[in-house]
Amino acid sequence: MATLTRASGDTPAFTFGLSCLGLAGFFLAWHLLSVGGIFPPNYLPGPLTVLQTIAQYSSEPYSGATLWTHLGASLYRFACGFLLAAAVGIPLGLLMGWYRWLDDVVSPFFDALRFVAPIAWVPFAGLWFGTGIGGPTLIIFAGAFPPCLISAYRGAKFVDTRLLEASRTLGASGPRIVAEVLLPASLPSILAGLRVSAGIGWQSLVGAELIVVGNGIGYMMVQGQLNIATNIVMAGMIAIGIVGICIDVALRVFEQRLKARWGR
């Protein structure tokens with residue numbers, strides 16, 4: 001199958017210009033739709049209106065907090081769920097890749113649960129934890145955990161057998177092989193899995209905040225919907241997208257630095 005690739009002569013400035021052109025076209029189309037009378041202003045505010053809303057509620061509270069306070073609460077919940085998923089999923093995936101018996105024990109349960117959508121855990125999160133930190137953490141964990149485990153597991157399974165044979169020849173034990181051979185060799189797969197995990201976790205967080213919390217960017221959007229304030233909803237969507245991009249960029253930087261440190 002043919003794949004799309006960038007032309008070799010494309011410079012960073014040219015690529016940046018195309019990106020800006022695409023964004024300009026999107027905002028122009030949005031503006032024309034909002035002023036064209038096709039949709040009522042209450043249901044499709046223009047981009048300038050939404051930007052003014054972002055600026056206004058950056059300092060004024062809405063639903064009990066400013067936009068940045070809501071985002072801070074969302075990021076805290078995301079960090080709790082995502083870090084817990086990585087802390088459990090990566091070691092468990094490596095161990096499953098090394099110990100066949102552990103793979104046989106965990107795989108049937110994991111294969112069944114990983115197909116359950118994170119939003120399906122919302123009723124349990126509400127019943128078990130209410131609107132505290134536990135509910136959103138559970139939902140984010142449910143979304144972020146499978147990519148962490150799968151990426152670590154696949155990385156461990158495809159490690160060069162010569163490395164494993166050399167470590168056994170030198171007398172390395174199972175836990176030491178996992179820590180000093182499987183983990184470094186699986187690093188590219190693990191880092192790729194973390195980016196996927198972060199994306200799913202961030203999306204899961206927003207779903208959780210629509211239902212089981214009393215603040216956060218998702219909660220702010222729900223209050224905007226109830227008040228028929230579409231500008232609030234769209235401001236929240238833009239904030240979600242920008243923060244998601246920032247999370248991905250941060251993980252890319254982390255990936256580059258970690259690979260450089262490990263000599264990969």
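This is a dialogue about reading helix packing, cores and loops in a predicted model.

Reader: Let me begin with the overall fold. How many helices and strands does the protein have?

Author: Counting the elements is a good way in. Here there are 11 helices and zero strands, so along the sequence the pattern reads α-α-α-α-α-α-α-α-α-α-α. Please keep in mind that this is a predicted model.

Reader: What share of the 264 residues is buried?

Author: Buried residues come to 41% of the 264 in the protein. A companion number concerns contacts with a separation of 6 or more: 73% of them join residues 24 or more positions apart.

Reader: Now to packing. How do I read the angle between helix 5 and helix 6?

Author: The idea is to take the two N-to-C directions and ask what angle lies between them. Helix 5 covers residues 122-129 and helix 6 covers residues 134-157; they pack at about 150 degrees, with axes 8 Å apart. Angles over 145 count as roughly antiparallel, and helix 5 and helix 6 are therefore roughly antiparallel to each other. The crossing of helix 5 past helix 6 is right-handed.

Reader: Which residues meet there?

Author: From helix 5 come V122, A125, W128 and F129, and they meet G134, G135, L138 and I139 of helix 6. Sorted by class, the contact of helix 5 with helix 6 holds six nonpolar, two polar and no charged residues.

Reader: At what angle do helix 3 and helix 11 cross?

Author: Their axes cross at roughly 45 degrees and come within 12 Å. Helix 3 and helix 11 are therefore oblique to each other, and their crossing is right-handed. On the helix 3 side you find L67, L71, L75 and F78, facing A239, V243 and I247 in helix 11. The contact of helix 3 with helix 11 has seven nonpolar residues, with no polar and no charged ones.

Reader: And where do the axes of helix 3 and helix 4 come?

Author: The axes of helix 3 and helix 4 come within 5 Å and cross at roughly 120 degrees. That angle makes helix 3 oblique to helix 4. Helix 3 contributes L92, L95, M96 and W98 to the contact, while helix 4 contributes R100, L102, D103, V106 and S107. By class, the contact of helix 3 with helix 4 divides into six nonpolar, one polar and two charged residues.

Reader: Let us turn to the interior. How many residues does the largest nonpolar core have?

Author: To read a core, look for buried nonpolar side chains that are joined to one another. The largest nonpolar core has 52 residues, and I90, L94 and L194 have the most contacts inside it. Two or more residues come from each of helix 2 (47-56), helix 3 (67-98), helix 4 (100-113), helix 6, helix 8 (174-185), helix 9 (187-209), helix 10 (217-226) and helix 11 (230-261). Helix 11 gives this core its largest share, 10 residues.

Reader: Could we take one member of that core? Which residues does L94 touch?

Author: Leaving aside residues up to four places away in sequence, L94 touches A152, A156, V178, L182, L183, S186 and I190. There is also a second, separate core of five residues, and V122, A125, L138 and A208 are among them. You have already met V122 and A125 of helix 5 and L138 of helix 6 in the contact of those two helices.

Reader: What about S74: is S74 buried or exposed?

Author: Relative accessibility is the number to check, and under 20% means buried. S74 lies in helix 3 and has 0% relative accessibility, so S74 counts as buried. Beyond residues up to four places away in sequence, S74 touches W202, L205, E209, G216 and I217.

Reader: Last, the backbone. Which value of phi does S63 have?

Author: Check the sign of phi and whether the residue is a glycine. S63, a residue other than glycine, has a positive phi near 60 degrees. S63 sits in the loop between helix 2 and helix 3 and is partly exposed, at a relative accessible area of 30%.

Reader: Where is I228, and what is its phi?

Author: I228 is in the loop between helix 10 and helix 11. Its phi is positive, about 50 degrees, although I228 is not a glycine. With 54% relative accessibility, I228 counts as exposed.

Technical notes:
Residues numbered from 1 in each chain as written. Predicted model: local features only at pLDDT ≥ 70, side-chain atom pairs only at ≥ 80, totals over all residues. Heavy atoms only, no water. Axes fitted to C-alpha atoms, helices over the stretch in contact; angles between N-to-C directions. Helix = DSSP H or I, 4+ residues; strand = E, 2+ residues; numbered from the N terminus. Parallel < 35°, antiparallel > 145°, perpendicular 65-115°, else oblique. Left-handed = near helix turned anticlockwise from the far one by under 90°. Contact = heavy atoms within 4.5 Å. Nonpolar A, V, L, I, M, F, W, Y, C, P; charged D, E, K, R; others polar. Core = buried A, V, L, I, M, F, W, Y, C linked by side-chain atoms within 4.5 Å. Buried < 20%, exposed > 50% of the residue type's maximum accessible area, 1.4 Å probe, protein only.
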